[in-house]
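Thank you all for coming. I would like to go from the overall picture to a few aromatic rings, so please have a look at the model first.

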Amino acid sequence: MTVLGKKTKFVLDADIAKCFDRINHKALLKKVNTYPTLRHQLKSWLNAGVLDQGELFPTNEGTPQGGVISPLLANIALHGMEERVKQYAETLKGNKRDNRSSLNLIRYADDFVIIHEDINVVQACQKIVANWLSDIGLELKPSKTKLTHTLNEFNGNVGFEFLGFHIQQYKVGNYRCANNSRGTPLGFKTLITPSKAKVKNHLAKIAKIIDSHKTAPQAALISRLNPIIRGWSNYYSTVVSKETFSKVDFLTWQKLRAWARSRGKGSINKGKYWRTVGDRNWCFSTEDGLKLAQHASTPIVRHTKVKGEVSPYNGDWIYWSKRRGEYPGTPNRVAKLLKRQQGKCTHCNLYFSSTDIVEVDHIKATSLGGKNT
C-alpha cells in the first residue's frame, strides 16, 4: 500500500454515523454552488420525501438513499475533508510539502482512514475532522471509529480494515522484509488480505444458499453458487488471498458433503455428485459437465497503480493500451492486439489515439482460410 511507504504508522479507522440520512441541506446546496435553476431543482428533490408502502416520510435532512444522484451529492458534501487535514499538516514543524505528503486521508463514501507515524497528529486530525463534519450536520460513529497501529498492538488493535480488506504489517526476517530508500532492511512487510468479517459473511451466504437448495437439482445449486464464488474471488484477486481461497473452498466442500448426505441417506454419493474433471478429483459437477467454480482457481494478479491524474476517459489511449490493453469500449480482440503491439500500429509504428479508426488486418484473409489466431 503506497501511503504506508517504508514506515510503521498509526491509523484512525473511522466511519460517519448515518451519513446519507443526516447531511444538512443548506450546507450541501451552498457547497454545490450552482446556478439558481439547478439549485432549486436539487432543493426540491432533497425535500420531496420518501414513499414507503404507501406512506410519505419527509426528508428535511440527508440525501434519500435509492436516488440516482444520492451518492454523488453525499460525496460533494464530504469533499474537502482531505484538504482540511492537509492544511493542518502544513502547520506542523518542518517542511510544508513533506508534511502534506506524510499525512494521508483516504476516503470511500463515508468510510475513511487517516494515516501518520505520529499518534498525536492522528488524534489531532480526529478532532479536526469531527469539527469539520459538524458543519454539515454529521458526526463520527464511535462504535466504528478506532485508533490502531499498522505493526504493533495499540488499544487492543493491530492493522485496520478498509473496504473489506485487512491491511497490516508483519515482522519478518531481513531476507523477506521491505527495504528503505538506502537499501536497509526494515524488519517488516505489508500484507493486504480479505477481512475476516467479510470471509465469515461470504461463508454464511454460501451456507444459506446450500440450505435453501436441499431438494433442488444439483445443477440449480451450482448455477446459483457460481456467480457468487466468482464475484467474491475476483474482488480479492489482487491481494494476498490464496490461503483464504483454499480455506473457503474446503469449508464449502464440507457444507456440500452435508448437503449430499442429507439427500443420500447418509451417503455422499461420490459418483453422483462428485467426479474427476481434469486435475480435480473431487469436483462437484453434473453429468452434463456443469461444475462448481473454485475460489482457489482464481489467479492472483497484483493491481498496478494508475499513474498520476490519468483517467480511462480522458482520451489517453496510448497509456491504457500499453498498461492493460483495456481501453473503455474496445472489443476484446482489439484490446488483446493493442496490448501485444504495445499500443502501436505494426505498419507505421505510430501510437493509436482514441479518435483513430482501428481495423484488424488478417495476415491471411479469412476468405482464403485464414484464422483469427
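How much area does the protein expose, and what share of it do carbon and sulfur atoms supply? The exposed area is about 23200 Å², and carbon and sulfur atoms account for 51% of that. Please keep in mind that what you see is a predicted model, and that the values I quote are computed from it.

Let me stay with the whole protein for a moment. The radius of gyration is 26 Å, whereas a compact globule of 373 residues would come out near 21 Å. If we follow the C-alpha trace along its principal axes, the spans are about 65 × 65 × 60 Å. Within those spans there are 13 helices and 11 strands, and 36% of the 373 residues are buried. Of the contacts between residues at least 6 apart in sequence, 57% join residues that are at least 24 apart. As for charge, the protein carries 58 positive and 30 negative charges, and the mean positions of these two sets lie 6 Å from each other.

Now to the aromatic rings, where a search of the whole structure finds 12 pairs. One of them is formed by Phe165 and Tyr235, which count as stacked because their ring centres are 5.1 Å apart and their planes meet at 25 degrees, with stacking assigned to planes under 30 degrees apart. Which parts of the protein does this pair tie together? Phe165 belongs to strand β8, residues 165-171, and Tyr235 to helix α9, residues 218-235, so the pair links parts that are 70 residues apart in sequence. With regard to exposure, Phe165 is buried at 14% relative accessibility, while Tyr235, with a relative accessible area of 42%, is partly exposed.

Another stacked pair is that of Phe250 and Trp253, with 6.3 Å from centre to centre and 20 degrees between the planes. Both residues sit in helix α10, residues 242-263, and because they are three residues apart there, about one helical turn separates them. Phe250 is partly exposed at 47% relative accessibility, and Trp253 is likewise partly exposed, at 23%.

Where do Phe250 and Trp253 belong beyond their own pair? They are members of one aromatic cluster, which also takes in Trp259, Tyr273, Trp274, Trp282 and Phe284, and that cluster is where I would like to leave the discussion open.

Note on methods: Residues are numbered from 1 along each chain as its sequence is written. This is a predicted model: local features need pLDDT of at least 70, side-chain atom pairs count only at pLDDT 80 or more; totals for chains, interfaces and linings use all residues. Side-chain values use heavy atoms; hydrogens and water are left out. Helices (H or I, at least four residues) and strands (E, at least two) are DSSP runs, numbered from the N terminus. The radius of gyration is taken over C-alpha atoms; the globule rule is 2.2 Å times the number of residues to the power 0.38. Buried means under 20% relative accessible area, exposed over 50%, partly exposed in between (1.4 Å probe, protein chains only). Contact means heavy atoms within 4.5 Å. Accessible areas come from the Shrake-Rupley method with a 1.4 Å probe; for residues, only the protein chains shown count as cover. Lys and Arg count as positive and Asp and Glu as negative; His and the chain ends are not counted. The place of a charge is taken as NZ of Lys, CZ of Arg, CG of Asp or CD of Glu. Rings of Phe, Tyr and Trp (its six-membered ring) pair if their centres lie within 6.5 Å; planes under 30 degrees apart count as stacked, over 60 as edge-to-face and the rest as tilted.
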